[in-house]
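Here is my note on the dimer model, point by point. Please read it with the coordinates open.

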There are 2 protein chains.
Amino acid sequence: MENMTLAYYAAGAGAIALIFALFTMSQVLKESMGTPKMKQLSEAVQEGAMAYMNRQYKTLIPFAIVVFILLWAAQYFVHVPEGGHLPVGPASAISFLVGAVCSAIAGYIGMNSTTKSNARTAEAARSSGLGKALQVSFRAGAVMGLSVAGLGLLGVSLLYIIFQSPLIINSFAFGASMIAFFARVGGGIYTKAADVGADLVGKVEAGIPEDDPRNPATIADNVGDNVGDTAGMGADLFESYGATTIAGMLIGNTLFGFPGVIFPLLIGAVGIIAAIIGTFTVRTGEGGNPQAALNVGLWTTNVLTAVGTWFVAKAIFPAGQNVIINGQDTGVAFGNVSTGIFMAVLAGLIVNVAVGWLTEYYTANNKPPVLKIAEASKSGPATNVIHGLAVGMESTFIPMLVFAGAIYFSFWAVLTTSPEGQAALWSIYGIAMAAMGMLSTAGMVVAMDSFGPVADNAGGIAEMAELPPEVREKTDKLDAVGNTTAAIAKGFAIGSAALTALALFSAFVDGVKHNPNMIEGLQATGGNFIVNLTDPMVLVGVFIGGAVPFLIGARTMRAVGEAAFGMVEEVRRQFREIPGIMEGTGKPDYARCVDIATRSAISKMIFPGIVAVVVPPIVGFGLGAMALAGFLGGLTTTGVLLALFLANAGGAWDNAKKYIEGGALGGKKSEPHKAAVIGDTVGDPCKDTSGPAMNPLIKVAGTISLILGPLLTRL
Amino acid sequence: MENMTLAYYAAGAGAIALIFALFTMSQVLKESMGTPKMKQLSEAVQEGAMAYMNRQYKTLIPFAIVVFILLWAAQYFVHVPEGGHLPVGPASAISFLVGAVCSAIAGYIGMNSTTKSNARTAEAARSSGLGKALQVSFRAGAVMGLSVAGLGLLGVSLLYIIFQSPLIINSFAFGASMIAFFARVGGGIYTKAADVGADLVGKVEAGIPEDDPRNPATIADNVGDNVGDTAGMGADLFESYGATTIAGMLIGNTLFGFPGVIFPLLIGAVGIIAAIIGTFTVRTGEGGNPQAALNVGLWTTNVLTAVGTWFVAKAIFPAGQNVIINGQDTGVAFGNVSTGIFMAVLAGLIVNVAVGWLTEYYTANNKPPVLKIAEASKSGPATNVIHGLAVGMESTFIPMLVFAGAIYFSFWAVLTTSPEGQAALWSIYGIAMAAMGMLSTAGMVVAMDSFGPVADNAGGIAEMAELPPEVREKTDKLDAVGNTTAAIAKGFAIGSAALTALALFSAFVDGVKHNPNMIEGLQATGGNFIVNLTDPMVLVGVFIGGAVPFLIGARTMRAVGEAAFGMVEEVRRQFREIPGIMEGTGKPDYARCVDIATRSAISKMIFPGIVAVVVPPIVGFGLGAMALAGFLGGLTTTGVLLALFLANAGGAWDNAKKYIEGGALGGKKSEPHKAAVIGDTVGDPCKDTSGPAMNPLIKVAGTISLILGPLLTRL
């Protein structure tokens with residue numbers, strides 16, 4: 001049943017998401033931007049954000065060109081088997097570029113939407129109230145969310161329609177990953193450098209409140225929220241989306257032929273439609289609870305996706321039909337495997353919810369972990385930091401059990417529903433489909449996440465434009481909800497990265513199995529690529545891979561420190577040299593701060609980026625496929641652990657500070673508060689730079705290995 | 001050539017080490033303890049330390065009894081194959097007990113030696129000078145070092161002579177591990193609770209100097225140095241020593257029969273003799289450099305061990321002789337494998353040196369990493385902490401590459417020197433022998449490590465007894481050297497734990513292969529136990545195992561915070577309620593502080609200890625051998641990474657503070673100094689509690705799995 005119409009359906013769903021996003025955008029743009037002052041501030045943030053995005057992508061062009069040429073030219077250097085395909089050559093090079101460009105487009109659309117909505121949200125809060133403000137900010141987020149999912153699905157579907165082989169188009173995932181890694185790291189450095197610079201000199205030294213227009217770094221700070229939280233997270237999830245879809249298609253192709261390939265695309269389509277419907281359910285009245293409104297949207301999306309998946313699975317893997325691979329009837333019927341596949345997708349959706357809860361538990365300021373950190377602030381900054389580290393470390397344990405449970409369950413579900421003789425083989429499809437299930441709702445999750453920075457920015461503009469305090473109160477209410485949704489999205493990003501990495505790993509193993517260079521080597525194991533942990537080469541790979549996230553974590557963390565230092569110097573200089581800033585008669589040079597943050601973020605994203613992209617080929621070609629497999633295993637494990645540790649520690653420190661600021665333990669300016677501010681500053685690069693860098697790190701290693709798998713020259 | 005006389009030689013070397021240790025002890029005891037005040041202070045530390053040790057071991061008795069009974073009784077519940085051996089039954093239970101008791105005895109001897117030498121070292125510094133003070137303190141350390149190595153070798157050799165099977169005696173390693181884990185965690189909590197308590201109230205609040213006799217926690221603090229650094233490290237390396245020897249014997253038995261079993265014991269004997277000779281070379285004059293003197297001792301030991309190993313390898317694996325296993329001539333000659341085995345041992349010795357250097361680089365206060373942290377202190381505690389975290393994370397990378405290199409080299413060395421057809425099989429002996437090479441010099445390394453706390457304590461006693469300042473200067477000089485040797489020993493402990501864990505892992509895999517329950521399951525792979533990373537069960541194990549070190553790290557870190565809190569409260573109470581403390585007319589209640597530290601350390605070591613011992617059987621029996629293998633892989637990788645991260649971050653923070661105290665960046669009481677003190681306090685539980693807990697954690701999981709391997713009921 002090789003019915004390419006189905007691929008067009010998937011592409012169509014992607015296109016619908018994009019159209020719906022553009023329509024939503026046009027609706028948002030109809031809203032008023034408020035006073036001229038508000039408009040002017042919003043435009044400053046927009047300009048800064050676009051300037052950063054332009055510079056970031058311009059810097060990446062040479063890298064993209066090098067990879068493009070390598071992918072194109074590699075066909076002349078590797079042995080291409082008779083009638084076989086390898087993931088190199090013009091089609092692969094083009095797929096890579098499409099992935100990279102789609103990632104950039106998603107970033108631009110999203111940034112455009114969120115930066116253009118901040119003043120509009122503030123104005124909505126001022127003129128209409130909370131319900132309207134939620135509507136505007138959430139719609140802005142939805143533009144981002146649906147662009148990410150829509151472009152992901154449309155890109156992969158179209159490439160598949162054109163080239164008809166998942167193997168050829170797998171460099172789409174690598175293109176998306178490479179951009180995502182740079183965007184995450186660069187955006188993460190930018191946002192924290194600006195934040196720390198603004199806080200340290202403005203709040204602490206000059207004693208002016210957050211978002212005060214007299215602070216020269218305040219525009220940079222608001223730009224940072226967008227390039228870090230919105231563009232970074234969007235690129236991250238775009239990458240997960242693309243990579244998971246392709247990994248699923250690759251594995252599906254080997255196991256089930258066409259149905260295995262088309263199914264991930266259709267799940268994506270189901271998820272997108274569900275997310276569009278979900279966005280309509282997000283609404284609240286004046287006294288309403290925005291969190292509850294968002295939860296309704298998320299649950300609607302989850303439930304609709306689950307229901308849709310059931311029908312799609314039953315249709316694509318019909319019990320009575322035989323599996324046909326490369327036109328050959330294998331003589332094996334699908335049997336009841338559709339039920340198992342459905343359950344695997346369901347497992348992904350459940351992980352989604354579970355990880356969101358857990359992240360919230362460890363970072364919410366009314367739960368024991370954060371309260372303990374706040375309590376520890378009474379004996380000073382050292383104990384605050386110690387308890388924060390402890391909360392971060394502890395917060396990894398149960399999520400890891402959840403991931404382990406999801407791996408086991410999704411594998412088991414397909415295993416027990418497969419016909420005899422196929423169980424061991426087919427069951428690896430389960431993990432990939434769990435990942436796909438999780439990511440199918442990305443449209444909604446990204447929407448919820450992106451709404452936060454819009455509300456945050458709206459509050460900033462309200463402050464800078466000196467709107468009445470009740471406006472800020474409303475945006476603060478939205479911002480608080482945004483912190484929770486950001487926590488949920490962070491958990492989602494980490495969880496999906498973990499499952500995506502495992503799906504990529506399975507696909508990589510599959511690629512090695514079909515590598516023409518390996519045929520002889522694999523004869524001993526009957527054609528199976530066995531990554532035996534007792535093999536020293538595998539252990540060597542595990543050790544190296546396990547250490548890489550620590551190296552990247554260290555470098556990104558230090559980069560923030562150095563970039564922030566430059567920002568601090570500049571802000572101090574402006575206060576010193578520009579007369580009348582504090583009195584409001586002199587105008588600070590916002591643009592220079594934006595420029596400094598941009599320059600340092602760009603220059604410091606290069607080293608980690610190169611490490612992430614270059615180490616896997618070195619390990620693969622230098623030590624072999626076994627070592628690379630071990631490398632991926634080690635990297636994924638410690639990468640996920642560090643991601644959880646850093647994100648949750650940072651989130652918990654942040655909320656411990658907010659808890660004290662809310663009046664507990666002496667409130668603002670008390671000794672515990674000072675201690676908590678130090679903890680929060682330590683947490684800043686953890687949660688917004690180093691931690692988020694882990695997700696694209698493990699995925700970029702996976703997507704590049706996907707290309708390497710069929711090319712490596714020795715086991 | 002089953003010549004049991006060789007085992008007697010090994011036992012003899014162990015006995016010589018013990019006799020030499022007791023003789024050295026008697027020499028140390030001949031030295032004068034100085035003034036009555038010094039004697040009295042020294043006795044207070046001794047009493048406190050012994051009280052802690054007694055309580056610790058008393059608490060562990062019920063645990064030991066439970067395990068003893070389980071091991072004894074397990075023979076009635078598992079199927080013992082015809083003529084086969086399993087690591088359960090009376091002999092195993094007795095071996096377990098011997099391991100536990102030997103570990104405790106080594107701890108007692110060492111503690112006795114170091115706590116009885118502190119006043120004597122101070123007196124030597126006062127009456128004779130630096131050379132004599134080094135002699136006394138190093139001899140005290142040597143007593144500990146040689147007891148550890150001697151008891152380890154004697155214990156294993158005697159058990160082997162009695163039971164004649166490495167499989168039966170492998171619970172010796174588990175006994176040693178279990179005790180070591182508790183000792184490390186309990187000692188680590190004790191030492192930091194006392195330290196933080198003494199510093200926070202004494203130094204910061206009351207403004208009195210360190211080791212001031214008016215501080216009620218000062219005796220507890222000095223006790224802590226002994227129970228943490230000496231007893232904890234001793235138990236840790238005793239465990240590594242026992243576990244590596246036994247893992248080597250198990251693997252050697254399967255591959256080479258008797259020669260494979262006896263060789264690790266003989267390497268141990270060579271190392272002990274080399275260490276005894278090495279101790280004689282440690283001497284320095286009045287103006288001399290104690291560090292140089294210690295280096296001579298270490299290098300002498302390393303070189304002699306290498307030379308001795310060459311001859312032993314040539315004699316035990318003679319090229320022309322055939323391998324005889326279970327009395328059956330295999331028809332395969334040893335060939336040139338002795339050269340490969342020698343090179344593997346050499347690799348271990350080299351790792352030893354390399355990791356010491358690296359640890360020193362990342363933590364020494366004249367090297368870039370520490371200088372950067374000091375520099376970052378200028379902008380406050382938050383940047384100090386951020387840079388410290390970055391240094392800690394980065395410091396894992398190169399050591400991991402070194403370990404990976406050692407794994408690869410030792411494997412390759414045996415591989416290329418093995419006769420055709422045996423290469424793949426024999427090469428796993430390489431990793432075990434690299435671990436054995438590293439640990440063979442434990443006698444010397446522990447001696448160097450234990451000398452530090454003696455010098456530290458001597459300084460404390462000099463201060464408390466109000467000796468002239470030049471005495472303190474001399475002990476400070478020794479103490480500074482002690483910090484470097486402690487860094488080297490920490491690197492050694494982590495490196496040896498990593499290699500030991502891998503040796504245990506190989507032995508575990510071997511155990512599963514010969515598990516009678518697995519015969520059917522392993523038929524598909526020709527009797528090989530393949531731990532395929534692509535198998536979901538293995539991945540599940542890796543994820544769970546990877547998360548455990550984070551959980552243990554979190555709990556031990558928090559335990560320090562809570563225990564320190566209790567101590568702070570008590571010291572504050574004494575200052576408040578006991579009249580005349582500050583004036584020197586009232587006497588603080590030292591004993592109560594000692595008691596509080598003891599109680600809280602003991603009560604808080606229980607949870608991590610139970611997790612460490614109980615999780616592996618749950619994974620093994622609940623999920624099977626594959627999952628347990630994955631678990632060990634994940635646990636070892638993240639355990640080693642966290643051990644390096646926490647130890648080096650802590651060490652770097654500590655030395656950044658010392659660097660500033662040396663006068664840089666404004667010196668003591670400056671703002672950077674205050675920031676650095678906060679960083680140092682954060683680092684305290686990292687480097688002295690949570691970090692060191694990782695080594696025994698990964699080993700205890702390995703040794704318990706060694707027992708589980710042949711007992712598990714499913715793959």
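1. N322(B) is partly exposed, at a relative accessible area of 28%. On this scale buried is under 20%, exposed is over 50% and partly exposed lies in between, with a 1.4 Å probe and protein chains only. N322(B) sits in strand β1 of chain B, residues 322-325. Helices (H or I, at least four residues) and strands (E, at least two) are DSSP runs, numbered from the N terminus.

2. A word on the basis. This is a predicted model, in which local features need pLDDT of at least 70 and side-chain atom pairs count only at pLDDT 80 or more, while totals for chains, interfaces and linings use all residues; side-chain values use heavy atoms, with hydrogens and water left out. Residues are numbered from 1 along each chain as its sequence is written, and chains are lettered from A and ligands numbered from 1 in the order in which they are written.

3. What does N322(B) touch, leaving aside its neighbours within four places in sequence? The partners are D329(B), G331(B), V332(B), A333(B) and F334(B). Contact here means heavy atoms within 4.5 Å. The N322(B) side chain makes a polar contact with the side chain of D329(B), at 3.2 Å. It also reaches the backbone nitrogen of A333(B), at 3.5 Å. A polar contact is a pair of N or O atoms within 3.5 Å; within protein, one must be able to donate a hydrogen and the other to accept it, and residues adjacent in sequence count only if both atoms are side-chain atoms.

4. Check two phi values. Most residues other than glycine have a negative phi. N326(B) has a positive one, near 50 degrees. N326(B) is in the loop between β1 and β2 (328-333) of chain B, and is exposed, with a relative accessible area of 74%. L665(A), also not a glycine, has a positive phi of about 50 degrees. L665(A) lies in the loop between α20 (625-661) and α21 (671-708) of chain A. Its relative accessible area is 30%, so L665(A) is partly exposed.

5. Now the interface. Chain A and chain B each put 61 residues into the contact. Together they bury about 6,100 Å², 84% of it on carbon and sulfur atoms. Buried area is the accessible area (1.4 Å probe) that two parts lose on being put together, summed over both. In chain B, the most area is lost by M393(B), F543(B) and F550(B), together 13% of what that side buries.

6. How many salt bridges cross the interface of chain B and chain A? The rule finds four, a salt bridge being a side-chain nitrogen of Lys or Arg within 4 Å of a carboxyl oxygen of Asp or Glu. One pairs E394(A) with R558(B), with the closest N and O atoms 3.1 Å apart. Eight residue pairs are in polar contact between the chains, both at pLDDT 80 or more. On the side of chain B that touches chain A, α19(B) gives the largest share, 19 residues.

7. Last, the symmetry. A turn of 180 degrees and a shift of 0.0 Å along the axis lay chain B on chain A with an RMSD of 0.0 Å. That is the relation of a two-fold axis. Superposition is by least squares on the C-alpha atoms of residues with pLDDT of at least 70 in both copies. Of the chain B residues, N532(B) comes closest to the rotation axis, at 2.3 Å (C-alpha). The same surface serves both copies, as 100% of the contact residues of chain B recur in chain A.
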